[in-house]
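Dear colleague,

I am passing on a structure that you have not worked with before, and below it I have set out what was found in it. Please read the notes with the structure open beside them.

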Amino acid sequence: MKNIYMALALLIASATLGIANQDNEKIGESEKVGVFDQLGKNANTDAVFTDELGESKSIKEFMHNKPTIISMNYYNCPGICTTQFAAVAALIDLLDVSIDEYQVLTVSIEPTDTPALAQKKKDTFYASLKKKKDLPQEQWKFLSGTQENITALSESIGYNYKKVTNKQGGVDYIHPGTLIVLAPSGKITRYIYDLRYSSFDVKMALIEAKEERVGAIRVQALKYCFAYDPVSKKYVFQWEKVVGALMLFIVVSFFIYLVVTGRKKEEED
C-alpha cells in the first residue's frame, strides 16, 4: 500500500510542488508541529552547542566540513526519541559510506539537558552498534544548548516542535522524527522521513550533500503527501490533499486536451 502512495505522490508532483508550502501558516501563537521544507536554504550553523564532553562549538565546527546528518531529539524523551536513536544506530551500522566521509549530530531541543545526560544516552546507543563498533567518538556527537541556540537552529531548518506540560508538571515535546541532511556549506539538501531509514536513500543523500545538490523531486512530492500527526507521532498519508491535487491535475489535463484537439480541428477545417 505504501508503494501505491509513493507512486501516486510522484504522479501528481508537478501539480503539487507549486502549493506544497501552503500549510506553513501560524496556529494561534505557535506554528504547526512538523518539518517545513527549507531545501536549498542554509541552516544556522553558527548556533553554538555543547557536546557530551562539555566542549562548546558551533554546528559548523562540529560538522568538520563534511556532509552531516542531524537529528533533533531530547535525552529524557519517553516516546519517539528512543526509537529514532535506535534507528540512527541501525542506519550507521548498515551505511555503505566510509566513516570519515560524513558526520552525525544529535541535537537536544530541551535546554535543561546536560552533557552528562548526553554522554549517558550516547554510551547506550554506541553500545548497540554491531558492525561499526569502532565508530570514532567524534563521528556521532550528542549536543545540548541554550534555548536561543536551539531556536536559531530549529527555525533555520524548518523543524517545528511543541512543548507541553502534563498535570504532574512534567515536560514533554511533540516533535517529528525526521533526519535533516546538510551539505558541508550548511545548505539543507535533504529531509529523510519515517523512522525506518533506508541506508541506500541516506547514502544517496550524503552523495548529493557532498556535491551541494538539493534532494530530488520524489522527496518534495512525498513531503506534500505525508503530514506529521502529533497524536500518533508519525507521518500519515493526506488523502484530501492528494485527491484535491489529483482532481486539479485531471481538470488541467482535460483543458489542455480540449485546446489541443480544438486547434487540430481548426487546422483541418
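In this predicted model, His64 sits in the loop that runs between helix 3 and strand 6, and with a relative accessible area of 34% His64 is partly exposed. Leaving out residues up to four places away in sequence, His64 touches Lys57, Gln103 and Glu138. Along the chain His64 and Pro184 are 120 residues apart, yet their C-alpha atoms are separated by 7.9 Å.

Asn65 belongs to that loop between helix 3 (59-63) and strand 6 as well, and at 61% relative accessibility Asn65 counts as exposed. Its backbone deserves a look, since Asn65 has a positive phi of about 60 degrees although it is not a glycine. For comparison, most residues other than glycine have a negative phi. Glu212 is another such case, a residue other than glycine with a positive phi near 60 degrees. Glu212 lies in the loop between helix 7 and helix 8 (217-225), and its relative accessible area of 27% makes Glu212 partly exposed.

Turning to the chain as a whole, its secondary structure comes to nine helices and 15 strands, and buried residues make up 47% of its 269 residues. Of the contacts between residues at least 6 apart in sequence, 73% join residues that are at least 24 apart.

Helix 7, which Glu212 follows, covers residues 199-210, and its 12 residues should span 16 Å at 1.5 Å a residue, which agrees with the 16 Å between its end C-alpha atoms. Which residues of helix 7 are buried? They are Val202, Ala205, Leu206, Glu208 and Ala209. Seen down the axis of helix 7, these buried residues fall within an arc of 160 degrees, so they line one face of the helix. The general background is that an α-helix has 3.6 residues a turn, so residues three or four places apart point the same way. On the other side of helix 7, Phe200 and Lys210 are exposed, while the buried residues pack against strand 6 (68-73), helix 4 (80-94), strand 12 (179-182) and strand 13 (188-192).

Helix 5 (residues 115-126) can be read in a similar manner. Helix 5 has 12 residues and reaches 16 Å from its first C-alpha to its last, close to the 16 Å expected at 1.5 Å a residue. Its buried residues are Ala118, Gln119, Lys121, Lys122, Phe125 and Tyr126, and, seen down the axis of helix 5, they fall within an arc of 165 degrees, so they line one face of the helix. Ala116 and Lys120 are exposed on the other side of helix 5, and the buried residues of helix 5 pack against helix 4 and strand 8.

Helix 4 is thus a packing partner for the buried residues of helix 7 and for those of helix 5. With 15 residues, helix 4 reaches 21 Å from its first C-alpha to its last, close to the 21 Å expected at 1.5 Å a residue. Its buried residues are Ile80, Cys81, Gln84, Phe85, Ala87, Val88, Ala89, Leu91, Ile92 and Asp93.

Helix 4 also takes part in a cavity. How many cavities of 30 Å³ or more does a search of the whole structure find? The search finds one, and about 30 Å³ of space lies in the largest cavity. The residues that line the largest cavity are Ile69, Val88, Leu91, Ile92, Tyr102, Val104 and Leu179, and they divide into seven nonpolar, no polar and no charged. Helix 4 gives the most to this lining, with three residues.

One last residue to look at is Lys141, which lies in strand 8 (residues 140-143). Is Lys141 buried or exposed? Lys141 has a relative accessible area of 1%, and therefore counts as buried, the cut-off for that being under 20%. Apart from its neighbours within four places in sequence, Lys141 is in contact with Asp51, Glu52, Leu53, Phe62, Gln103, Val104, Leu105, Thr106 and Lys122. Among these contacts, Val104 also lines the largest cavity, Lys122 is one of the buried residues of helix 5, and Gln103 is touched by His64 too. Lys141 and Met63 are 78 residues apart in sequence and 9.7 Å apart in space, C-alpha to C-alpha.

With best wishes

Conventions
Residues are numbered from 1 along each chain as its sequence is written. This is a predicted model: local features need pLDDT of at least 70, side-chain atom pairs count only at pLDDT 80 or more; totals for chains, interfaces and linings use all residues. Side-chain values use heavy atoms; hydrogens and water are left out. Helices (H or I, at least four residues) and strands (E, at least two) are DSSP runs, numbered from the N terminus. The expected span of a helix is 1.5 Å times one less than its number of residues. Buried means under 20% relative accessible area, exposed over 50%, partly exposed in between (1.4 Å probe, protein chains only). The arc is that of the directions from the helix axis to the C-beta atoms. Contact means heavy atoms within 4.5 Å. On a 1 Å grid over the protein atoms alone, a cavity is a set of points where a 1.4 Å probe fits but cannot get out, and a pocket is an open set with protein on both sides within 12 Å along at least five of seven lines; lining residues have an atom within 4 Å of a point. Grid points are joined across faces, edges and corners, and a volume is the space filled by probe spheres set on the points. Ala, Val, Leu, Ile, Met, Phe, Trp, Tyr, Cys and Pro count as nonpolar, Asp, Glu, Lys and Arg as charged, and the others, Gly among them, as polar.
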